[in-house]
Amino acid sequence: MTISKKAQMEMVGLVVIVILITLGMLFMAQFAFKDRPEKKIFTRKGLAYSTVSAIMKTTVTDSSCVQEFVGDTAPQVGKDILEDCAANKDTGPFGYSQYRCQGQHSCVFVREHISELLNSTLGSWNKRYQWDTHIIDIHGVEPEPLFEPILSKGGCPKTRDRDSSELFFLQTEAGLVQSVLYVCD
Amino acid sequence: MMNSKQGQLEISFNWIYIMIAGVVILLFFTGIIVRQKVASEQQLSTDVVRIMESIFTAAGVSEKTKNSIDTSGITDYTLTFTCENGVGEYGVKDGSRVQNAIEPVFAPLELQSSRLSLWSLPYKLPFKVIDFLFITSENTKYFLLGNDQFITEFLNETAADDKIRFHINTQHLSTLDDMAVGNNFQIRVVDFSAAITDGRAVPSAVKDMDDDRVTAVVFTTDNVDYYQKQGMVWKKLNRAPIPIISVGGERDAAKYAAIFAGNDQIYQCNMQKAFYRLKLLNEVYGGAAINTGQVGGKLQEIISYYEHHPDIASRRPDCLGHIQVYPQNMVSTLASHQNKVAACLLQPSFCVDLISSAAQLKELNENLRVDCITLY
Amino acid sequence: MVTKISRKGQVQLSETIAVLFIFFVLIVFGIIFYYKYQQVAIKQQSEELLAARAMDTTLRILFLPELFCSQGDAEPEDNCIDVLKLRQVNETIQKHLEDYYFDLFSYSTVTVAQLYPVPRTFVVYDKLKLEYTKRESTYFVVSVRDDTLGSYGYGYVKVEVYS
């Protein structure tokens, strides 16, 4: 007498299908239950733009910022100190500059000042950023850095996903100064 | 030998069982699908209104912005815009609606289109009070009648911007008889030549259109009247002429608002929102008690500065002069402005008085601009 | 003669019942899965709405006529706050919070912090939601203009929204 094992085979088949479907559902479920990381809630581009704009307009009220031969003035970072840095870039960091804020050359001071302002805002919000200022001198050569870039957490190289403030231009007698802030966290 | 019919019965029973189970399962899933469809449509209209709200906020806060929204997903739905007792309401007809008591939105009563055009302009009286948001669609046509220079400005300002697909459908007419309606959802005649009057016949081109799809605004000097087609004639909607409360100049937001507003009620209701905001701004500029002549706010800050810096005040005597000393000064003018706003909010017919105080404030501010701290 | 009773029918019936049982178990799994998924989706949507509200509130603040730096009839300055107005605005906003400004800013706290030259903080709007479940903060850098000094300071706007 031959005992048919067809029913057993069918049962095993059913069990296999159920196991496969259950595994499939569990696999899909993990994506549904996973918490997505919280989105940053304002555009980095807008933030970068407003930061550069605010920094450029900031008036340096330090009493030590005396413009030689002219008297007490309250210079702006973008219009006055950066322009002075461009005009006297070759005499830095210990040489002559028209503005001597905190006794420092304007290029040294402006870099330090911008760094402090960025650190007190973007830095304290754990943002990763990079500030670059270049000058294209009157001979029209490649842009060269006016001072060392200001980096936070390694800065924002081109390979990273980054947003820029777009270039802020300043026409000076020494050439065209362009500044840009990248935010990339 | 008797053949058992057990197998035949079993098979039949199986089929009956399958049919019943199948129908139950199908009904179950069909029920879910239908409910999901209804929920999905509700979700769509809620999403549309939410997105509109967000876009209206963005367009409304930033002045002179032009935008367009793609509403092709809800072309079959009608969007409605109303305003009553200072509270505006917009949304999908018979669907989700949003109330807004803050931002003035000037739009036709109904819109049904695959794309909406949005435009915001700042309303100044004389300082910026709020942004007006104008909403229209490609299938709402504006016919401009007359030779006023505002028509040229309107046509230039509403020129299409293909980059953002902003398009306001306009046409300048010499006479109403030149009108060609085409396939538009509704038309609005903007009349600067007083061609439209109460009881006058409507152009033959619009005779077959529904009454509520044919409207007109007639500008006369500094007033505006609203008309709607009623059968074969024009019917005036407002009882008294509605004054345009503004300081004039280019891109007069109050004038543009009159063109885009669905009717006189929408216009006046939204203008009331602006006047209420003006009342609050006057408090920021002049203090909470400026209406009694007691100075506070930014004006007090400026006065304190000059009082604490007598050397500067003596070098520029006109500064305090224009602010509080001279017969026509900022403090008294701002106080008057605030009192007129209060009267305007109680009775709209008093709003026209705001124009003179706004003009005075503007002049005083310009005087201060020379060498002093300005109010705005 | 012994009649052999076939149990084939019984086996098949048991098989059918087992299959149907498994089928309904799978449907129940599906429903539970869908319910859990909807829960997570709703939670995510609520987070997105909160983030959108934070953005809307920040936009409103940056363009608020009660705060921005005006330039006469010209367009106001971008990303700039007038400190002379800033010192006074809280009084107006608090006075009209329930009847007006709540519709603009809902449950949120808006502060303007000047970092340079003189660090100071101004609370522009404050309506805390008691027993809030979620809080989202946005920061935006702004200039702070002081017409009495003729200078621009550096600061930021902080917007915290609650849900």
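Of the two pairs of chains in contact in this predicted model, chains B and C share the most contacts. Chain A and chain B, by contrast, do not touch, and their nearest C-alpha atoms lie 13 Å apart. The other partner of chain C is chain A, with 38 residues of chain C in contact with 38 residues of chain A. The two interfaces are taken in turn below, followed by a look at the cavities.

The contact between chain C and chain B draws on 42 residues from chain C and 43 residues from chain B. Together the two chains bury about 3,600 Å², with 57% of that area on carbon and sulfur atoms. On the chain C side, the residues that lose the most area to chain B are Asp73(C), Tyr100(C) and Thr148(C), which together account for 17% of what that side buries.

Charged pairs are part of this interface, with six salt bridges counted between chain C and chain B. One of them joins Glu66(C) to Arg277(B), where the closest N and O atoms are 2.8 Å apart. Polar contacts between chain C and chain B number 12 residue pairs, counting those with both residues at pLDDT 80 or more. Helices α1 (8-62), α2 (83-95) and α3 (97-105) of chain C each provide at least two residues of the side that touches chain B. Of these, α1(C) gives the largest share of that side, 13 residues. By residue class, the side of chain C that touches chain B is made up of 18 nonpolar, 11 polar and 13 charged residues.

Turning to the interface of chain C and chain A, the buried area is about 3,300 Å², and carbon and sulfur atoms give 68% of it. Three aromatic names stand out on the chain C side: Phe33(C), Tyr116(C) and Tyr154(C) supply 20% of the area that chain C buries against chain A, more than any other three residues.

Across this interface one salt bridge is found. Glu77(C) forms a salt bridge with Lys57(A), and the closest N and O atoms of the pair are 2.8 Å apart. Six residue pairs are in polar contact between chain C and chain A, again with both residues at pLDDT 80 or more. The elements of chain C that each supply at least two residues of the side touching chain A are α1, β2 (108-116), β4 (135-146) and β5 (151-162). Here α1(C) contributes 17 residues, the largest share of that side. The side of chain C that touches chain A divides into 21 nonpolar, nine polar and eight charged residues.

Finally, the search for enclosed space gives three cavities of 30 Å³ or more. The second largest cavity has a volume of about 80 Å³. Its lining consists of 13 residues, and those nearest the centre of the cavity are Thr82(B), Gly88(B), Glu89(B), Val105(B) and Asn270(B). Strands β2 (79-84) and β3 (87-92), along with helix α4 (264-286), are the elements of chain B that give two or more residues to this lining. In terms of residue class, the lining of the second largest cavity holds six nonpolar, four polar and three charged residues.

How values were computed: Residues are numbered from 1 along each chain as its sequence is written. Chains are lettered from A and ligands numbered from 1 in the order in which they are written. This is a predicted model: local features need pLDDT of at least 70, side-chain atom pairs count only at pLDDT 80 or more; totals for chains, interfaces and linings use all residues. Side-chain values use heavy atoms; hydrogens and water are left out. On a 1 Å grid over the protein atoms alone, a cavity is a set of points where a 1.4 Å probe fits but cannot get out, and a pocket is an open set with protein on both sides within 12 Å along at least five of seven lines; lining residues have an atom within 4 Å of a point. Grid points are joined across faces, edges and corners, and a volume is the space filled by probe spheres set on the points. Helices (H or I, at least four residues) and strands (E, at least two) are DSSP runs, numbered from the N terminus. Ala, Val, Leu, Ile, Met, Phe, Trp, Tyr, Cys and Pro count as nonpolar, Asp, Glu, Lys and Arg as charged, and the others, Gly among them, as polar. Contact means heavy atoms within 4.5 Å. Buried area is the accessible area (1.4 Å probe) that two parts lose on being put together, summed over both. A salt bridge is a side-chain nitrogen of Lys or Arg within 4 Å of a carboxyl oxygen of Asp or Glu. A polar contact is a pair of N or O atoms within 3.5 Å; within protein, one must be able to donate a hydrogen and the other to accept it, and residues adjacent in sequence count only if both atoms are side-chain atoms.
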